[in-house]
Amino acid sequence: MEHYKFTQNRKCEYFPCHETNNPDKFNCLFCYCPLYALKDQCGGNFSYNEKGIKDCSNCLAPHGIKGYEHVMSHIKEVIELGKKG
């Protein structure tokens with residue numbers, strides 16, 4: 001196992017911050033998802049609320065066993081957004 005890909009903070013007052021059937025495998029590495037800025041291209045399970053704000057409360061993409069891989073597969077897009085600044 002590559003341990004840098006997974007961390008957990010059970011002392012966090014929000015743990016787990018998303019509903020899950022398996023909190024033992026809940027990954028806190030990306031507490032705030034770096035893919036949020038990609039809007040509808042993030043690859044996660046999100047919706048938009050009535051005010052047009054992205055709601056990621058039903059998304060476990062960055063928090064699962066393959067969360068690191070999911071985020072890294074899109075990180076170049078985030079970097080490009082940053083360059084456009």
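**Exercise 1. Describe how Phe30 and Tyr68 are placed relative to each other and to the rest of the chain.**

Phe30 and Tyr68 are both buried, where buried means under 20% relative accessible area, exposed over 50%, and partly exposed in between, with a 1.4 Å probe and protein chains only. The model is a predicted one, in which local features need pLDDT of at least 70 and side-chain atom pairs count only at pLDDT 80 or more, while totals for chains, interfaces and linings use all residues. Residues are numbered from 1 along each chain as its sequence is written, and side-chain values use heavy atoms, with hydrogens and water left out.

Next, consider the rings. Rings of Phe, Tyr and Trp (its six-membered ring) pair if their centres lie within 6.5 Å, and planes under 30 degrees apart count as stacked, over 60 as edge-to-face and the rest as tilted. By this rule there are 4 aromatic pairs. The centres of Phe30 and Tyr68 are 6.4 Å apart and their planes stand at 25 degrees, so this pair is stacked. The pair links distant parts of the chain, since Phe30 lies in the segment before strand 1 (47-48) and Tyr68 in helix 1 (residues 67-84), 38 residues apart; helices (H or I, at least four residues) and strands (E, at least two) are DSSP runs numbered from the N terminus.

Finally, widen the view: ring pairs link Tyr4, Phe30 and Tyr68 into a cluster. The largest nonpolar core has 6 residues, namely Phe30, Leu35, Leu38, Cys42, Tyr68 and Val71, a nonpolar core being a set of buried Ala, Val, Leu, Ile, Met, Phe, Trp, Tyr and Cys residues joined through side-chain atoms within 4.5 Å.

**Exercise 2. Work out the surroundings of Lys5 and of Gly67.**

Begin with Lys5, which lies in the segment before strand 1 and, at 16% relative accessibility, counts as buried. Its side chain is joined to that of Glu2 by a polar contact of 2.7 Å; such a contact is a pair of N or O atoms within 3.5 Å, where within protein one must be able to donate a hydrogen and the other to accept it, and residues adjacent in sequence count only if both atoms are side-chain atoms. Setting aside neighbours within four places in sequence, Lys5 is in contact (heavy atoms within 4.5 Å) with Asn27, Leu29, Tyr68 and Glu69.

Turn then to Gly67, found in helix 1 and buried at 0% relative accessibility. Not counting residues up to four places away in sequence, Gly67 touches Phe30, Ala61 and Pro62.

**Exercise 3. Determine over which rings Lys54 lies.**

A charge sits over a ring if NZ of Lys or CZ of Arg is within 6 Å of the ring centre and within 35 degrees of the ring normal. Lys54 lies over the face of Tyr36, at 5.2 Å from the ring centre, and also over the face of Phe46, at 4.9 Å from the ring centre. Phe46 itself, at 21% relative accessibility, counts as partly exposed.

**Exercise 4. Explain why the sulfurs of Cys17 and Cys56 are not bonded to their closest cysteine sulfurs.**

A disulfide is a pair of cysteine sulfur atoms within 2.5 Å, and the structure holds 0 of them. The sulfur of Cys17 has its closest cysteine sulfur in Cys31, at 6.1 Å, which is too far for a bond. For Cys56 the closest cysteine sulfur belongs to Cys59, at 6.1 Å, again too far for a bond. Cys17 is partly exposed, with a relative accessible area of 43%, and Cys56 is partly exposed at 24% relative accessibility.
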